Amino acid sequence: MHIRPVAALAGALLGMSALFLPTSAAQAADQPQRTITIAHRGASTYAPENTLAAVDAADDLGIKWVENDVQRTKDGELIIMHDTTLNRTTDVEQLFPGRAPWKISDFTLEEIKRLDAGSWFGAEFADERVPTLKEYMKRVSRNRQSLLMELKAPELYPGIEHQTLRQLRRQGWLNHHHVKHRLIIQSFNATSMQTLHKLRPDVKTGFLGTPSVADLPKYAEFADQINPSHKTIDEAYVAAVHAVDGAHGKPFEVFTWTVNDAPTAVKVARMGVDGIITNSPDVVRDALEDAGHEIMAGSR
């Protein structure tokens, strides 16, 4: 892990060095910022979040990166769900009225598979089911998409890091190609990402949050990305994050969330972020294209 000179000095030196580069290299240094668009919980403006329908909606829009949330049922099965409770995005209150607060960890997979996870979003999605991680990965693979996976509240599910990696390995997602180009795992829980990095140091990991610049070297020991809310960053912060090398010896990347409108997308792209996580990936992608930003179809 290395901390490079402050962004201003680095930028000045880069500008001077470009004068002495061959024409092609100087042009490359002046290329537009490339920003990945990531479909948050799938294309969740257009289909119920964290369902196979949302993954397919992102695919229909031509979006190659999707984000999801992984949790664990009472009987130890991994499923895709954002909240730690089931009542916001399913009909669990109707099917199991006496089991409030409807925590995922209080229900078996068989019970969760009975739930309607689509009608709350729209009648056309009636009977959409909560997918298992295995089902979800099959769909992502079929669509040839890449995955930004979040371990949601891993402190509630001891050992979920090892279990998740085991499932990914079974489905071919821990080979060299997937690890290098198509998989990132993130969490708000730094301890979880430290654990995952120890288990599979080759897997790219991200920390969700906005740590202080002074604390970045601590995160660089196990993370490759710092992924903050767009409301908490500015150009100086992004530059400071980029000035630190992450766990794999490359500059920290910044994927910011959750940006759903064109002006904000352009604003944060101009800050230099590497990725934008959004419920409306077509809106963000098109805004960046219109603003002259190069959209990266695959992994960095």
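## Exercises around helix α7

The crossing of helices α7 and α9 is right-handed in this predicted model. Let's work through what surrounds it.

**Exercise 1.** Work out which residues make the contact of α7 with α9, and how they divide by class.

*Solution.* Start on the α7 side, where Glu161, His162 and Leu165 take part. On the α9 side, look for Ser192, Thr195, Leu196 and Leu199. Now sort the residues of this contact: three are nonpolar, three are polar and one is charged.

**Exercise 2.** Find how the axes of α7 and α9 lie to each other, and name the class of their crossing angle.

*Solution.* First locate the two helices: α7 covers residues 160–170, and α9 covers residues 190–199. Next, take the axes, which come within 9 Å and cross at roughly 45°. Angles under 35 degrees count as roughly parallel, and roughly perpendicular runs from 65 to 115. The crossing falls in neither class, and α7 and α9 are therefore oblique to each other.

**Exercise 3.** Describe the second largest pocket: its volume, its lining and the element that gives the most to that lining.

*Solution.* Begin with the volume, about 150 Å³. Then walk around the lining: Gly76, Glu77, Leu78, Leu109, Thr132, Leu133, Lys134, Gln163, Arg166, Gln167 and Arg170. Two elements, α6 (133–142) and α7, give two or more residues each to this lining. Of these, α7 gives the most, with four residues. Finally, sort the lining by class, and you should get three nonpolar, four polar and four charged residues.

How values were computed: Residues are numbered from 1 along each chain as its sequence is written. This is a predicted model: local features need pLDDT of at least 70, side-chain atom pairs count only at pLDDT 80 or more; totals for chains, interfaces and linings use all residues. Side-chain values use heavy atoms; hydrogens and water are left out. Axes are lines fitted to C-alpha atoms, for helices over the stretch in contact, and angles run from 0 to 180 degrees between N-to-C directions. Angles under 35 degrees count as roughly parallel, over 145 as roughly antiparallel, 65 to 115 as roughly perpendicular and the rest as oblique. A crossing is left-handed if the near helix is turned anticlockwise from the far one by less than a right angle, and right-handed if clockwise. Contact means heavy atoms within 4.5 Å. Ala, Val, Leu, Ile, Met, Phe, Trp, Tyr, Cys and Pro count as nonpolar, Asp, Glu, Lys and Arg as charged, and the others, Gly among them, as polar. On a 1 Å grid over the protein atoms alone, a cavity is a set of points where a 1.4 Å probe fits but cannot get out, and a pocket is an open set with protein on both sides within 12 Å along at least five of seven lines; lining residues have an atom within 4 Å of a point. Grid points are joined across faces, edges and corners, and a volume is the space filled by probe spheres set on the points.
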